Amino acid sequence: YELVRRRCRYIVAVDAGADPGMGFGDLGNAVRRCRVDFGVDIRIDLNELQPTEPGGRPQRCSVVGEVDYPRQGDAEGFTGRILFIKLGLPTELPLPADILAYAREQPRFPHQPTTDQWFTEAQFESYRQLGFLIGANALQSAKAMFADIRSK
C-alpha cells in the first residue's frame, strides 16, 4: 500500500500469511484499497499460484503483475511492475527431502497459524529453507522485470 502511495515503479511483495485455502485475502484487500484510495489498478494473474486440485500443490509461488498509475497533477501516468510472492510448496521447484518430510509430518505447513511463535528447529529450518528457495526462484524468474533498471 505504501509503495503504491509513493508511486514506486517496481515493487516486490511477499505474502507469508497463513492462507491454507489460497484465498489471497491480504492481496485482495491491498488491491482494493489502492484502487479506492489512489485510483491505481493492480493486475496480477493468480492462476499459477493456486493448486490444480484440492489439497494439491501450486505450480509456482511467484508471478509478475502490473501497476497502472493514473496521471497525478503534472506527473504523467505510467505502468509499474509488481513481483508477488506467495508462500507454498511449488511443483516447479525440486524441494529437498527435509522440507517434504516436514510437510508430511505437519499437514498445515507452510500455512501454520502465525500465532505460533515457538518454532522447533525443524519448523524454523523448513520455513527458512523454503523461503530461500522460493525467493531465489522468484528473483531468477523475474529477471526481465528488473532488466531495464540496470540500463538507466
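Is Arg7 buried or exposed? At 16% relative accessibility, Arg7 counts as buried, where buried means under 20% relative accessible area, exposed over 50% and partly exposed in between, computed with a 1.4 Å probe on protein chains only. The structure is a predicted model, in which local features need pLDDT of at least 70 and side-chain atom pairs count only at pLDDT 80 or more, while totals for chains, interfaces and linings use all residues. Residues are numbered from 1 along each chain as its sequence is written, and side-chain values use heavy atoms, with hydrogens and water left out.

**Confidence**

- The average pLDDT (the predictor's confidence in each residue, from 0 to 100) is 91 for the protein, and 95% of the residues score at least 70.
- Among the elements, helix H5 (residues 143-150) has the lowest mean pLDDT, 66, and E2 has the highest, 97; helices (H or I, at least four residues) and strands (E, at least two) are DSSP runs numbered from the N terminus.

**Helix H2**

- The end C-alpha atoms of helix H2 (residues 25-38) are 20 Å apart, which agrees with the 20 Å expected for its 14 residues at 1.5 Å a residue; the expected span is 1.5 Å times one less than the number of residues.
- Leu27, Val31 and Cys34 are the buried residues in H2.
- Seen down the axis of H2, the buried residues fall within an arc of 65°, so they line one face of the helix; the arc is that of the directions from the helix axis to the C-beta atoms.
- The face turned away from the buried side of H2 carries the exposed residues Asp26 and Val36.
- The cover over the buried residues of H2 includes helix H1 (2-5) and strands E1 (10-15), E2 (41-43) and E4 (78-86).

**Nonpolar cores**

- The largest nonpolar core has 18 residues, of which Ile42, Ile44 and Phe84 touch the most other members; such a core is a set of buried Ala, Val, Leu, Ile, Met, Phe, Trp, Tyr and Cys residues joined through side-chain atoms within 4.5 Å.
- H2, strand E3 (62-69) and E4 are the elements that give two or more residues to this core.
- A second, separate core of 16 residues includes Cys61, Leu83, Leu89 and Ala142.

**Salt bridges**

- The structure holds 11 salt bridges, each a side-chain nitrogen of Lys or Arg within 4 Å of a carboxyl oxygen of Asp or Glu.
- Lys86 forms a salt bridge with Asp15, with the closest N and O atoms 3.1 Å apart.
- This pair links distant parts of the chain, with Lys86 in strand E4 and Asp15 in strand E1, 71 residues apart.
- Lys86 is buried at 1% relative accessibility, and Asp15 is buried at 8%.
- Lys86 is also in contact (heavy atoms within 4.5 Å) with residues including Met22, Phe24, Leu49 and His111.
- Glu76 and Arg71 meet in a salt bridge at 2.6 Å, N to O, and both residues are exposed.
- Glu125 and Arg128 form a salt bridge at 2.8 Å; being three residues apart in helix H4, they are separated by about one helical turn.
- Arg35, Asp41, Arg43, Glu66 and Asp68 are linked in a network of salt bridges.

**Backbone features**

- Arg7, in the loop between H1 and E1, has a positive phi of about 60° although it is not a glycine.
- Phe24, in the loop between E1 and H2, has a positive phi near 55° and is buried at 5% relative accessibility.
- Gly39, just after H2, takes a positive phi of about 70°.
- The peptide bond from Phe109 to Pro110 is cis, with omega near 5°.

Terms used:
Lists of a residue's contacts leave out its neighbours within four places in sequence.
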